[in-house]
Amino acid sequence: MAKKDSGFSTKCVHVGQEPEQLTGSVGVPIYATSTYAQDELGKPRLGYEYSRVSNPTRDRLEKNLAALEGGVDSKVFASGMAAVSAMCSLLKKGDHVVCSSNVYGGVPRLFNQVLVNYGLEFTYVDTSDLKATEKAIRRSTKYVYIETPTNPLMVLSDIEAISQIAHKKGTEVVVDNTFMSPYFQKPIALGADMVLHSTTKFLNGHSDGLGGVLVCTTKEQSEKLAFIQKSVGAIMSPFESWLILRGVKTLAVRMKQHDESGRVVADFLAKQKKIKKVFYPGLPDHPQHELAKQQMTGFGALITFETGSLNNAKKLLKRVKVCTLGESLGGVETLISHPATMTHAALGEKGRAAIGLTDGMVRISVGIEDVEDLITDLEQAISVL
Ligand SMILES: *Cc1c(COP(=O)(O)O)cnc(C)c1O
């Protein structure tokens, strides 16, 4: 069967994951090499010359991730932020980016504290507001950069509508699809020009490695990004590439469980009198529940809830036993965090207030443990509030 036409789970397991030629090794080998012996001058074997430029383990991962998102190619980097940075390396002085106003905290840090010094310009806008998004696009706008749902407030942006608006104005749309993974959301099918992931999260899924990817829709993007990999050098290592190739084999079954348990935990939290508000696109009271049903095929594992105060959040986080207090998300283990002092500390008090992020908010990334154990754990932690 042509793997291109096969189902999502089959692609996860088989694209780029073909048995190795020499021995039939089913596991993709980790080509731990910096360089390659050349057959004669000017004749590198299969085109491999140096591992910053290309590496067979990395090539296989790039093929796999491109297939999962429905792109023509992908390029992987040392972290999600390295992928964001690579995307901006395609810009030049004076270029402008419209960015969702509440994205992963590291993104505005890179934009405002590093890249503005290179003459790039950024505007932050609530991209759930289509009119405001359209208004923010200038002649010099090269990307509309959106994350949907956002971290940690679970605000959605309409990928299809934004793509139409941006394309009319000659601007490309880049979607950070980390929260949903291609299992639940396919930005390219909705019109996006590039898709970004922190592979650190659901794609790898085991909290044991860092990485990032940009999935391309044109050969030109892919060639330009290959040049950035070679020139800037923030590439993903062969070992890290292998970790993700291994992790991604189970992406579909993991996402199914994350979503099933996510819904149960969100329903449980929504029923707790001591929890003031629950942010989860799967709840009917989520302001964009309809859009969520339209552009995603699941609601995922990320839930933010309001405990009422910093003190309450502290108490709860101290009590949890099955949930692990830590940054990050998307692993098989349930991770729980405090956005205001952890992932979104760099935004500052004003920046957090502007997006509605309070000191009482706690974010949970529901793992694949028995959901009854997660509920019991949260129940006992909430009981002390
Ligand atoms: C973690 C994360 C990033 C950054 O990725 P790193 O791998 O930590 O560099 C970007 N976007 C989202 C949505 C993330 O969750």
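Strands here are DSSP runs of at least two residues, numbered from the N terminus. With that settled, here's a quick tour of this predicted model, starting at one lysine and moving out to the sheet.

Lys-201 sits in the loop between S8 and S9. UniProt, in an unreviewed entry, gives this position the feature "modified residue: N6-(pyridoxal phosphate)lysine". Buried or exposed: which is Lys-201? Its relative accessibility is 9%, and the cut-off for buried is under 20%, so Lys-201 counts as buried. Setting aside neighbours within four places in sequence, Lys-201 touches Tyr-104, Thr-178, Ser-328, Leu-329 and Gly-330.

Now for the sheet. It's an open one with 7 strands, ordered S3-S9-S8-S7-S6-S4-S5, and the pairing is mixed. S3 (73–77) and S5 (121–125) are the edge strands; each has a single partner strand, so one side of each has no neighbour in the sheet. From one strand to the next, the twist averages 20°.

At the S3 edge, the partner is S9 (residues 212–216), and the two run antiparallel over 5 bridges. One of the pairs there is Asp-73 with Cys-216 in S9.

Two helices lie against these strands:

| Helix | Strands touched or crossed | Angle |
|---|---|---|
| H3 (residues 80–88) | S3, S6 (141–147), S7 (172–176), S8 (194–198), S9 | about 40° to S9 |
| H4 (residues 106–113) | S4 (96–100), S5, S6 | about 145° with S5 |

S6 turns up in both rows: H3 lies across S6, and H4 touches S6 too. As for S8 and S9, the strands on either side of the Lys-201 loop, H3 lies across both.

How values were computed:
Residues are numbered from 1 along each chain as its sequence is written. This is a predicted model: local features need pLDDT of at least 70, side-chain atom pairs count only at pLDDT 80 or more; totals for chains, interfaces and linings use all residues. Side-chain values use heavy atoms; hydrogens and water are left out. Two strands pair if DSSP finds at least two bridges between them. Helices (H or I, at least four residues) and strands (E, at least two) are DSSP runs, numbered from the N terminus. Axes are lines fitted to C-alpha atoms, for helices over the stretch in contact, and angles run from 0 to 180 degrees between N-to-C directions. Contact means heavy atoms within 4.5 Å. UniProt positions are given in the numbering used here, feature names are shortened, and annotations may be inferred rather than shown by experiment. Buried means under 20% relative accessible area, exposed over 50%, partly exposed in between (1.4 Å probe, protein chains only).
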